[in-house]
Amino acid sequence: MSLSSKQRIFTRNIGCLIDYAYSIDIELTFGHAWRSLEEQKRLKAEGKSRTLNSKHLDRLAVDFNFFINGKLTYDKHKLKSLGSYWESLDERNRWGGNFKSFTDTPHFEMNI
């Protein structure tokens with residue numbers, strides 16, 4: 001499958017996620033979507049990322065900011081239904097709130 005095909009599947013899933021978030025009264029703004037390799041290296045050096053193989057490099061990951069009742073939150077428990085919904089859309093979808101080595105609630109990726 002071409003990278004472009006993967007990106008189109010991912011984009012369609014992100015659209016569904018955004019619609020679902022608003023349906024459960026979670027508002028969103030974008031954080032990181034695409035990153036250059038230079039940006040990824042900087043984030044890793046600063047300890048803000050743990051890899052140089054981020055899905056952001058291929059446009060297959062996005063980080064969101066979440067607002068509940070107008071207040072910014074990254075609380076895993078408040079966002080769990082959003083993460084579960086994301087992972088139900090495609091078996092290749094992964095939510096950072098379920099990462100085993102660290103919690104990254106803003107992060108949604110497709111692992112293709």
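Begin by selecting Phe67 in strand β2 and Leu72 in β3, which are bridge partners; strands here are DSSP runs (E) of at least two residues and helices are runs (H or I) of at least four residues, numbered from the N terminus. The model is predicted, so local features need pLDDT of at least 70 and side-chain atom pairs count only at pLDDT 80 or more, while totals for chains, interfaces and linings use all residues. Residues are numbered from 1 along each chain as its sequence is written, and side-chain values use heavy atoms, with hydrogens and water left out.

**The hairpin and its strands**

Extend the selection to the whole of β2 and to β3 (residues 71-73), which pair in the antiparallel sense over three bridges, where pairing requires that DSSP finds at least two bridges between two strands. These two strands form a hairpin with two residues between them, and in the turn you will find Asn69, which has a positive phi of about 55°.

Stay with β2 and colour it by accessibility: six of its eight residues are buried, so the strand is largely enclosed by the rest of the structure. Buried means under 20% relative accessible area, exposed means over 50%, and partly exposed lies in between, with a 1.4 Å probe and protein chains only.

Next, show β1, which pairs with β2 in the antiparallel sense over four bridges, and pick out Phe30, whose bridge partner in β2 is Phe64. Then add β5, which runs antiparallel to β2 and is joined to it by three bridges; here Val62 stands opposite Phe108.

**Along β5**

Turn the view to look along β5, where His107 and Glu109 point one way and Phe108 and Met110 the other way, although all of these residues are buried. Strand β4 (residues 93-95) is also antiparallel to β5 and is joined to it by three bridges, and Asn93 has Met110 as its bridge partner in β5.

**A stop at Thr29**

Return to β1 (residues 27-30) and select Thr29, which lies in this strand and counts as partly exposed because its relative accessibility is 37%. Leaving out residues up to four places away in sequence, Thr29 touches Asp63, Phe64, Asn65 and Phe67, a contact being heavy atoms within 4.5 Å. If you also select Glu87, the C-alpha to C-alpha distance from Thr29 is 20 Å, across 58 residues of sequence.

**The core and the rings**

Now centre on Phe64, which, apart from neighbours within four places in sequence, is in contact with residues including Ile14, Leu17, Ile18, Leu28, Tyr74, Pro106 and Phe108. The largest nonpolar core has 17 residues, of which Phe64, Phe66, Leu82 and Phe108 touch the most other members; such a core is a set of buried Ala, Val, Leu, Ile, Met, Phe, Trp, Tyr and Cys residues joined through side-chain atoms within 4.5 Å. Two or more residues of this core come from each of α1 (3-23), β2 (61-68), α3 (76-89) and β5 (107-110), and the largest share, five residues, comes from α1.

Finally, show the aromatic rings, among which a search of the whole structure finds ten pairs; rings of Phe, Tyr and Trp (its six-membered ring) pair if their centres lie within 6.5 Å, and planes under 30 degrees apart count as stacked, over 60 as edge-to-face and the rest as tilted. Phe99 and Phe102 form an edge-to-face pair, 5.6 Å centre to centre with 70° between the planes; Phe99 is buried at 17% relative accessible area, whereas Phe102 is partly exposed at 25%. Ring pairs also link Phe10, Phe30, Phe64, Phe66, Tyr74, Trp86, Trp95 and Phe108 into a cluster.
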